[in-house]
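Work through the exercises below with the sequence and the model side by side, and try each task before reading its solution.

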Amino acid sequence: TSDTFITLSTQVGKSLTLTGNHMVQTFNKGAIAASMVQQGDILISYKERGESNGNVVTNITNKVYRKGMYAPFTKSGYLIIDDFVVSNYIALIPEQPSLVLGISQHWMEHTFVKSRRFFCDQVASCMGENYTSDGLPIWLLTPYTIVQWLLSQPKTIQIIGMTVFAIVSIIVWLILGHPLLLATLLCITVVSSWYSRRCDGSKKKTIS
């Protein structure tokens, strides 16, 4: 289907075209929605891997009409499009690089998708997935709808919901990506709890 895109042009004549809510990796602001990129921001080139005056955005063209394409979910969470590093994901709130607790939208979304990747790798094959007319995987439709509903609620409810989502994301990140760190934290928690109870018991005996 046709959609409205944004074209970001750089100082050396290279350009990147993507939808406004698709996140692009920048050197100075991290992963942000394409619609929030400003002139002077620095895109990250895959070949150069760092700051380069040639990657400075000098022109932004809105309302570019193109036929939409599917964006695959990669293990790293990033894609290389026209030599520029972009995120796999869209910004749920384009105006906010982070949703809550300073945690970036890219990190939270990529961590959530890790649980799906684990299921596909270890439990069942996910070949032959189906997509909506907007290119959204069917399995992601329900979580996406819930998040969109949450974002339409009053600010307090948004903060509570996103805080819960952030905590769950951190737990998933620890379980799937850093099991040793998780085990260490659990051990520290158990030992601290045991030591605290022992100290409380000693105090009660001394008082009696």
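## Exercises on a predicted model

In the predicted model, Val24 finds its bridge partner in β4, where that partner is Ile32.

**Exercise 1.** Place this bridge in its sheet, by working out which strands make up the sheet and in what order they lie.

*Solution.* Begin with the pair of strands itself: β3, residues 22–26, and β4 are paired in the antiparallel sense over 4 bridges. Then widen the view to the open sheet, whose 4 strands follow the order β4-β3-β7-β6 with antiparallel pairing. The edges are formed by β4 (30–33) and β6 (78–81), each of which pairs on one side only. From one strand to the next, the twist averages 40°.

**Exercise 2.** Determine which strands of the sheet α1 touches, and describe its direction relative to β7.

*Solution.* Helix α1 packs on the sheet and touches β3, β4, β6 and β7 (84–90), while its direction makes about 65° with that of β7.

**Exercise 3.** Describe how α1 packs against α2, giving the angle, the axis separation and the residues in contact.

*Solution.* First take the geometry: α1 (residues 105–122) and α2 (residues 138–151) pack at an angle of about 145°, and their axes are 12 Å apart. The crossing in which α1 passes α2 is right-handed. Next list the residues that make the contact, which are Phe112, Val113 and Arg116 from α1 together with Trp139, Leu140 and Pro143 from α2. Sorted by character, the residues of this contact comprise 5 nonpolar, no polar and 1 charged. Finally, look at burial within α2, where Leu140, Val147, Leu150 and Leu151 are buried; Leu140 thus appears both in the contact and among the buried residues.

**Exercise 4.** Check the length of α2 against the span expected at 1.5 Å a residue.

*Solution.* The helix has 14 residues, so it should span 20 Å, and because its end C-alpha atoms are 20 Å apart, the two values agree.

**Exercise 5.** Is Arg117 buried or exposed, and which residues beyond its neighbours within four places in sequence does Arg117 contact?

*Solution.* Arg117 lies in helix α1. Its relative accessibility is 18%, and since buried means under 20%, Arg117 counts as buried. Once the neighbours within four places in sequence are left aside, Arg117 is in contact with Phe73, Thr74, Lys75 and His110.

**Exercise 6.** Summarise the secondary structure and burial of the protein chain.

*Solution.* The protein chain has 4 helices and 9 strands, and from the N terminus on its elements run β-β-β-β-β-β-β-β-β-α-α-α-α. Of its 208 residues, 34% count as buried.

Terms used
Residues numbered from 1 in each chain as written. Predicted model: local features only at pLDDT ≥ 70, side-chain atom pairs only at ≥ 80, totals over all residues. Heavy atoms only, no water. Axes fitted to C-alpha atoms, helices over the stretch in contact; angles between N-to-C directions. Helix = DSSP H or I, 4+ residues; strand = E, 2+ residues; numbered from the N terminus. Left-handed = near helix turned anticlockwise from the far one by under 90°. Contact = heavy atoms within 4.5 Å. Nonpolar A, V, L, I, M, F, W, Y, C, P; charged D, E, K, R; others polar. Expected span 1.5 Å × (residues − 1). Buried < 20%, exposed > 50% of the residue type's maximum accessible area, 1.4 Å probe, protein only. Pairing = 2+ DSSP bridges.
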